[in-house]
Amino acid sequence: MMMSTSTFLFLSFSLSLVAGNTAEARWADHRKHARSMPHRMNDSITKRSMNKFTLSDMYQGADFLNEWDFFTGTDPTHGSVNYQSKQNAMAKGLAFVQDDGTTFLAVDDKTTLPVGAKRDSVRITTKKKYYGGLFIADFFAMPHGCSVWPAYWSVGPDWPHSGEIDIIEGVHNRETNQYTLHTSSGCTLSSGSVRLTNDTQVLGKQCTSSVSSNAGCAFLDTDTRSYGKGFNLLAGGVFAHLWNNDGIKIWHFARGEIPDDINQKQPDPSTWGEPVAFWSSTTCNIDSHFHDHSLVIDTTLCGDFGTSTYPSSGCPGTCAQAVSDPNNFKFAKWKLNYIAVYN
């Protein structure tokens, strides 16, 4: 997925609660390029969560391999990766479903490479397009490590004219998650009268992005359970985002704090409390800036964002040197429980 070249900085429960069955320490075994169109959102979404949400799509287990496309082109964010086809990824053990239904998407952690070479990785994209909805993603673990730049995001065609929504994004061993929008001109960040989770930081208010300036408008989480190692140590959690004519809201729930209505597949965002991020439609016409989105999950290495932030990352050597060492990718793995889409 990818992408923002932002220089912004960007966190035991019963294992029966999750599809995965190992803590991070035991599994030593991220996009972007994405126009204006008439209103096409489901009216039920625009009336907030007073209306009942209906499950539209449930991606789980082999669905991630069969109902998502494997991107095999050159990384648009200039990452040091060779994105693999479905056949190659499965043959190399970089994409598979384990017995409990957890889907793994991994970076090659076995091959020692010459400095400057590219490492095998995976990027998948939904075949289906979306124009709004409630999206609930349950991850048991996400990638992290020196040079690693993972992302879960959505994007439309002709980037940035159809918009981009970054729900999970970080780099190296950062401790907290960043939430970002990228758009064409005419969109700025405002949360209106909606209160956000305590200490959420605004990183930038100008959403307009281009190839030469694509920081976007962003929030930085301060909860160390929202990204990387801190997220994984607690068996992950849920990221939920609501995209409707009021704006775009994102919530993060650590594993032990996931609302019962989410677990029961009867989500009611009106009961979830303050979101961690919200972009109000009062300063950004959501319907004209966001449409035809595919969901994307990827892990790239170095690239625009990873290379520019590497000197301050605390990682040794250079980003290219980090890519060459397979030991840096023992935790460069997505472990996916499910992604549910509601209308």
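Strands here are DSSP runs of E at least two residues long, numbered from the N terminus. Keep that in mind as you click around, and remember that this is a predicted model.

**Stop 1: Ser-121**

Select Ser-121, which has its place in strand β6, residues 119-121. Is Ser-121 buried or exposed? Its relative accessibility is 0%, so Ser-121 counts as buried. Now show what surrounds it: leaving aside neighbours within four places in sequence, Ser-121 is in contact with Val-81, Asn-82, Tyr-83, Gln-84, Leu-94, Ala-106, Val-107 and Thr-299.

**Stop 2: strand β5 and its partners**

One of those contacts of Ser-121, Ala-106, takes you to strand β5, residues 103-106. Turn on the side chains: Thr-103 and Leu-105 point one way, Phe-104 and Ala-106 the other, and all of them are buried.

Next, bring up strand β4, residues 95-97, which pairs with β5 in the antiparallel sense over 3 bridges. Val-97 has Thr-103 of β5 as its bridge partner. The two strands form a hairpin with 5 residues between them, and there you can pick out Gly-101, with a positive phi near 95°.

β5 also pairs with β18, again in the antiparallel sense, this time over 4 bridges. For a landmark, pick Leu-105, which stands opposite Trp-334 in β18.

**Stop 3: the largest nonpolar core**

Stay on Trp-334 and widen the view. The largest nonpolar core holds 48 residues, and those touching the most other members are Phe-139, Tyr-152, Ile-168, Trp-279, Ile-297, Trp-334 and Ile-339. Which strand gives this core its largest share? That is β18, residues 333-342, with 4 residues.

Now centre on Tyr-152. Not counting residues up to four places away in sequence, Tyr-152 touches Phe-135, Ala-137, Phe-139, Asp-166, Ile-167, Ile-168, His-241, Leu-295, Val-296, Ile-297, Trp-334 and Ile-339. As background, nonpolar side chains tend to be buried together in soluble globular proteins.

**Stop 4: an eight-stranded sheet**

Switch to cartoon and follow an open sheet of 8 strands in the order β2-β7-β17-β9-β10-β11-β13-β12, with antiparallel pairing. Where are its edges? Look to β2 (68-70) and β12 (201-204), each of which pairs on one side only. Ignoring direction, neighbouring strands of this sheet are turned by 20° against each other on average.

Zoom in at the β2 edge. β2 and strand β7 (residues 123-126) run antiparallel and are joined by 3 bridges. Select Phe-70 and you'll find its bridge partner in β7, Ile-124.

**Stop 5: rings**

Colour the aromatics, since the structure holds 16 aromatic pairs. Start with Tyr-59 and Trp-68: their ring centres are 5.4 Å apart and their planes meet at 75°, so this pair is edge-to-face. Tyr-59 and Trp-68 are both buried. Then add Phe-64. Its ring centre is 5.4 Å from that of Trp-68 with the planes at 50°, so this pair is tilted. Phe-64 is buried, as is Trp-68.

For a bigger group, select Tyr-130, Phe-135, Trp-243 and Phe-290, which ring pairs link into a cluster. You've already met Phe-135 as one of the residues touching Tyr-152.

**Last stop: charges over rings**

Finish with two charged side chains. Arg-123 has its charged end over the ring of Phe-71, 4.4 Å from the ring centre. Lys-249 places its charged end over the ring of Phe-278, 5.3 Å from the centre.

Technical notes:
Residues are numbered from 1 along each chain as its sequence is written. This is a predicted model: local features need pLDDT of at least 70, side-chain atom pairs count only at pLDDT 80 or more; totals for chains, interfaces and linings use all residues. Side-chain values use heavy atoms; hydrogens and water are left out. A nonpolar core is a set of buried Ala, Val, Leu, Ile, Met, Phe, Trp, Tyr and Cys residues joined through side-chain atoms within 4.5 Å. Buried means under 20% relative accessible area, exposed over 50%, partly exposed in between (1.4 Å probe, protein chains only). Contact means heavy atoms within 4.5 Å. Two strands pair if DSSP finds at least two bridges between them. Axes are lines fitted to C-alpha atoms, for helices over the stretch in contact, and angles run from 0 to 180 degrees between N-to-C directions. Rings of Phe, Tyr and Trp (its six-membered ring) pair if their centres lie within 6.5 Å; planes under 30 degrees apart count as stacked, over 60 as edge-to-face and the rest as tilted. A charge sits over a ring if NZ of Lys or CZ of Arg is within 6 Å of the ring centre and within 35 degrees of the ring normal.
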